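Open the model in your viewer and keep the selection box at hand. This tour tells you what to select at each stop and what you will find there.

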Amino acid sequence: MADASTYVAEFIDGPLEGDFEQRALVGGKPEQRVGMVAAVDGLESLFWYEAVEQHEVNGQLRVRFRFDADDSDPVEYDQEND
């Protein structure tokens, strides 16, 4: 049985595209906006993501997040024909 206090965040684009992370629900709900710190070329960068969709998979809440380039630290990443 899935933990009712967590959800799985899926990053669908941007520098963290394809990454998944288990996160805690806040007030019983998933966050609508998350900031993620990641090292790019040895430098820490802050990337902001906005929730765009949520659904359940095998009883576990999953939330898909889209990259917010305007509010994030500048970084080049491979967009592959986006």
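Select E53 and R64. Their side chains form a salt bridge, with the closest N and O atoms 3.1 Å apart. This is a predicted model. E53 sits in strand β4 and R64 in strand β5, so the pair ties together parts that are 11 residues apart in sequence. Are these two buried or exposed? E53, at 41% relative accessibility, counts as partly exposed. R64 is partly exposed too, with a relative accessible area of 25%.

**The β4–β5 hairpin**

Now select residues 43–57, which are strand β4, and residues 60–68, which are strand β5. The two strands run antiparallel and are joined by nine bridges. Pick out Q54 and find V63 opposite it in β5. Then move to the turn. Two residues separate β4 and β5 in this hairpin, and N58 in the turn has a positive phi of about 50 degrees.

**The β3–β4 hairpin**

Add residues 33–40, strand β3. How many bridges join β3 to β4? Eight, and the strands run antiparallel. Select M36 and look across to F47, which stands opposite in β4. The hairpin of β3 and β4 also has two residues between its strands. Click D41 in the turn: its phi is positive, at about 50 degrees.

**The whole sheet**

Show every strand. Five of them form an open sheet with mixed pairing, in the order β2-β1-β5-β4-β3. Which strands stand at the edges? They are β2 (20–24) and β3. Each has a single partner strand, so one side of each is left without a neighbour in the sheet. Turn the view to follow the twist, which averages 40 degrees from one strand to the next.

Now look at the β1–β5 pairing. These strands run parallel, joined by four bridges. Select A9: its bridge partner in β5 is V63. You have met V63 already, opposite Q54.

**The R33–E50 salt bridge and its network**

Select R33 and E50. Their side chains meet in a salt bridge of 2.3 Å, N to O. The pair links distant parts of the chain, with R33 in strand β3 and E50 in strand β4, 17 residues apart. R33 counts as partly exposed at 32% relative accessibility. E50 is partly exposed as well, with a relative accessible area of 29%.

Extend the selection to D68 and D71. Together with R33 and E50, they are linked in a network of salt bridges. Stop at D68, which lies in strand β5. Is D68 buried or exposed? D68 is buried, with a relative accessible area of 18%; the cut-off for buried is under 20%. Show what surrounds it. Leaving aside neighbours within four places in sequence, D68 is in contact with R33, W48, Y49 and E50.

**The E21–R23 salt bridge**

Select E21 and R23. They form a salt bridge, with the closest N and O atoms 2.6 Å apart. R23 is buried, at 17% relative accessible area. E21 counts as partly exposed, at 28%. A search of the whole structure finds eight salt bridges.

**The aromatic cluster**

Display the aromatic rings. There are four aromatic pairs in the whole structure. One of them is Y49 with F67, a tilted pair at 5.4 Å centre to centre, with 50 degrees between the planes. Y49 lies in β4 and F67 in β5, so this pair ties together parts that are 18 residues apart in sequence. Both residues are buried. Widen the selection to F11, F47, Y49, F65 and F67, which form one aromatic cluster.

**The nonpolar core**

For the last stop, select Y7, F11, L16, V34, M36, Y49 and F65. These residues have the most contacts inside the largest nonpolar core, which has 14 residues. Which elements give two or more residues to this core? They are β1 (6–11), β3, β4 and β5. The largest share, four residues, comes from β5.

Finish on L16. Leaving aside its neighbours within four places in sequence, L16 is in contact with F11, M36, A38 and Y49. In soluble globular proteins, nonpolar side chains tend to be buried together.

Note on methods. Residues are numbered from 1 along each chain as its sequence is written. This is a predicted model: local features need pLDDT of at least 70, side-chain atom pairs count only at pLDDT 80 or more; totals for chains, interfaces and linings use all residues. Side-chain values use heavy atoms; hydrogens and water are left out. Rings of Phe, Tyr and Trp (its six-membered ring) pair if their centres lie within 6.5 Å; planes under 30 degrees apart count as stacked, over 60 as edge-to-face and the rest as tilted. Buried means under 20% relative accessible area, exposed over 50%, partly exposed in between (1.4 Å probe, protein chains only). Contact means heavy atoms within 4.5 Å. Two strands pair if DSSP finds at least two bridges between them. A nonpolar core is a set of buried Ala, Val, Leu, Ile, Met, Phe, Trp, Tyr and Cys residues joined through side-chain atoms within 4.5 Å. Axes are lines fitted to C-alpha atoms, for helices over the stretch in contact, and angles run from 0 to 180 degrees between N-to-C directions. A salt bridge is a side-chain nitrogen of Lys or Arg within 4 Å of a carboxyl oxygen of Asp or Glu.
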